[in-house]
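Visitor: I would like a close look at a single part of this protein, with enough of the surroundings to place it. Could you walk me through the charged pairs?

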Amino acid sequence: VRIERTWAPGDTVTLRFPMSVQIVRGFETEYPMANRKYFGFKPDSVFARRRLPYESITFGPLLFALPIPDLDPNTPAPGAHWQFALDNNPKREGRDITVERKPMPSHWNWPLAAPIVLRVRARDFDWTPTAAQALPDAPVAGQKAETIALVPYGCTKFRISMFPVTKRAWDNPPSPK
């Protein structure tokens with residue numbers, strides 16, 4: 001779009017792009033055997049055949065992640081709670097996820113608290129990812145249901161964006177469009 005006019009101080013242009021929450025479903029797979037030579041230092045288990053279900057959540061062009069308070073980029077802070085499986089209702093196709101917008105601060109240094117947050121239903125469960133297998137083999141039952149806050153992927157350095165899923169979220173796929 002080209003706007004031809006005489007501009008004056010204080011004039012503004014506001015662009016609004018329609019965005020909606022999207023739930024991306026997929027499978028984490030093994031390292032390709034073609035890379036076996038390059039990744040020879042990895043244990044054999046990373047090359048074992050697998051299809052580990054996960055969901056990721058996007059809003060417009062942004063990928064969202066669970067921010068995990070950390071001591072360093074590879075160590076969660078003591079007491080950080082991050083072992084969740086998404087428990088959304090796939091038939092709702094993301095409409096059960098709440099979008100919260102906050103004003104953009106005048107000076108922002110990429111904190112865990114972002115100006116846009118998605119709130120999604122999840123269940124905690126005993127999850128101990130390893131370098132060889134980050135996700136559980138199958139959907140999980142989970143325990144206590146709670147709502148977790150997700151922020152844009154780039155707003156945190158220690159995060160989860162490929163989430164394990166509950167049986168409810170995985171076994172009830174959305175309707176074909």
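Guide: Happy to; here is a short orientation, followed by the salt bridges and then some of their surroundings.

Please keep in mind that this is a predicted model. The chain is made up of one helix and ten strands, and along the sequence the strands come before the helix, in the pattern β-β-β-β-β-β-β-β-β-β-α. Its C-alpha trace spans about 65 × 40 × 40 Å along the principal axes. The radius of gyration is 20 Å, whereas a compact globule of 177 residues would have one near 16 Å. Buried residues account for 35% of the 177 residues. Of the contacts between residues at least 6 apart in sequence, 73% join residues at least 24 apart.

Now to your charged pairs. Side chains of opposite charge can pair when their charged atoms come close. How many salt bridges does the structure hold? There are nine, and a few of them deserve a visit.

Let us start with Arg25 and Glu55, which form a salt bridge whose closest N and O atoms are 3.3 Å apart. Arg25 belongs to strand 1 and Glu55 to strand 2 (residues 51–59), so this pair ties together parts that are 30 residues apart in sequence. Are the two partners buried or exposed? Arg25 has a relative accessible area of 29% and is therefore partly exposed. Glu55 counts as buried because its relative accessibility is 0%, the cut-off for buried being under 20%.

The next stop is Arg119 and Glu100, whose side chains meet in a salt bridge at 2.7 Å, N to O. This pair also links distant parts of the chain, with Arg119 in strand 8 (residues 116–124) and Glu100 in strand 7 (residues 98–101), 19 residues apart. Arg119 is partly exposed at a relative accessible area of 29%, and Glu100 is partly exposed at 27%.

A further salt bridge joins the side chains of Arg95 and Glu93, at 3.6 Å from N to O. Here Arg95 is exposed, since its relative accessible area is 53%, while Glu93 is partly exposed at 27%.

The salt bridges are not limited to simple pairs: Asp87, Arg121, Arg123 and Arg168 are linked in a network. To see what lies around this network, look at Thr166, which sits in the loop between strand 10 (159–160) and helix 1 (167–171). The side chain of Thr166 makes a polar contact with the side chain of Asp87, at 2.6 Å, and Asp87 is itself a member of the network. Beyond its close neighbours in sequence, Thr166 touches Ala85, Leu86, Asp87, Arg123, Pro139, Val140 and Ala141. Thr166 counts as buried because its relative accessible area is 2%.

From the network we can return to Arg119 by another route, through Ile148 in strand 9 (residues 145–152). Leaving aside neighbours within four places in sequence, Ile148 is in contact with Leu66, Phe84, Leu86, Leu118, Arg119, Val120, Ala122 and Phe163. Two names on that list have come up already: Arg119 is the salt-bridge partner of Glu100, and Leu86 is also touched by Thr166. Ile148 is buried, with a relative accessible area of 3%. Its C-alpha atom is separated by 21 Å from that of Asn172, 24 residues away along the chain.

For a contrast with these buried spots, turn to the surface. The accessible surface of the chain comes to about 11,500 Å², and 54% of this belongs to carbon and sulfur atoms. Val1, Ile3, Trp7, Val13, Leu15, Phe17 and Met19 form a nonpolar surface patch, together offering about 850 Å² of accessible area. One of them, Ile3, is found in the segment before strand 1 (21–29), and that is the strand where Arg25 lies. Ile3 is partly exposed, because its relative accessibility is 46%.

One last surface spot is Gly79, placed in the loop between strand 5 (75–76) and strand 6 (84–86). Gly79 counts as exposed because its relative accessibility is 80%. Its C-alpha atom is 9.1 Å from that of Pro69, ten residues apart in sequence.

Notes:
Residues are numbered from 1 along each chain as its sequence is written. This is a predicted model: local features need pLDDT of at least 70, side-chain atom pairs count only at pLDDT 80 or more; totals for chains, interfaces and linings use all residues. Side-chain values use heavy atoms; hydrogens and water are left out. Patches are made of residues with over 30% relative accessible area and no salt bridge: like charges are joined within 9 Å, nonpolar side chains (Val, Leu, Ile, Met, Phe, Trp, Tyr) within 5 Å. Accessible areas come from the Shrake-Rupley method with a 1.4 Å probe; for residues, only the protein chains shown count as cover. A salt bridge is a side-chain nitrogen of Lys or Arg within 4 Å of a carboxyl oxygen of Asp or Glu. Helices (H or I, at least four residues) and strands (E, at least two) are DSSP runs, numbered from the N terminus. Buried means under 20% relative accessible area, exposed over 50%, partly exposed in between (1.4 Å probe, protein chains only). A polar contact is a pair of N or O atoms within 3.5 Å; within protein, one must be able to donate a hydrogen and the other to accept it, and residues adjacent in sequence count only if both atoms are side-chain atoms. Contact means heavy atoms within 4.5 Å. The radius of gyration is taken over C-alpha atoms; the globule rule is 2.2 Å times the number of residues to the power 0.38.
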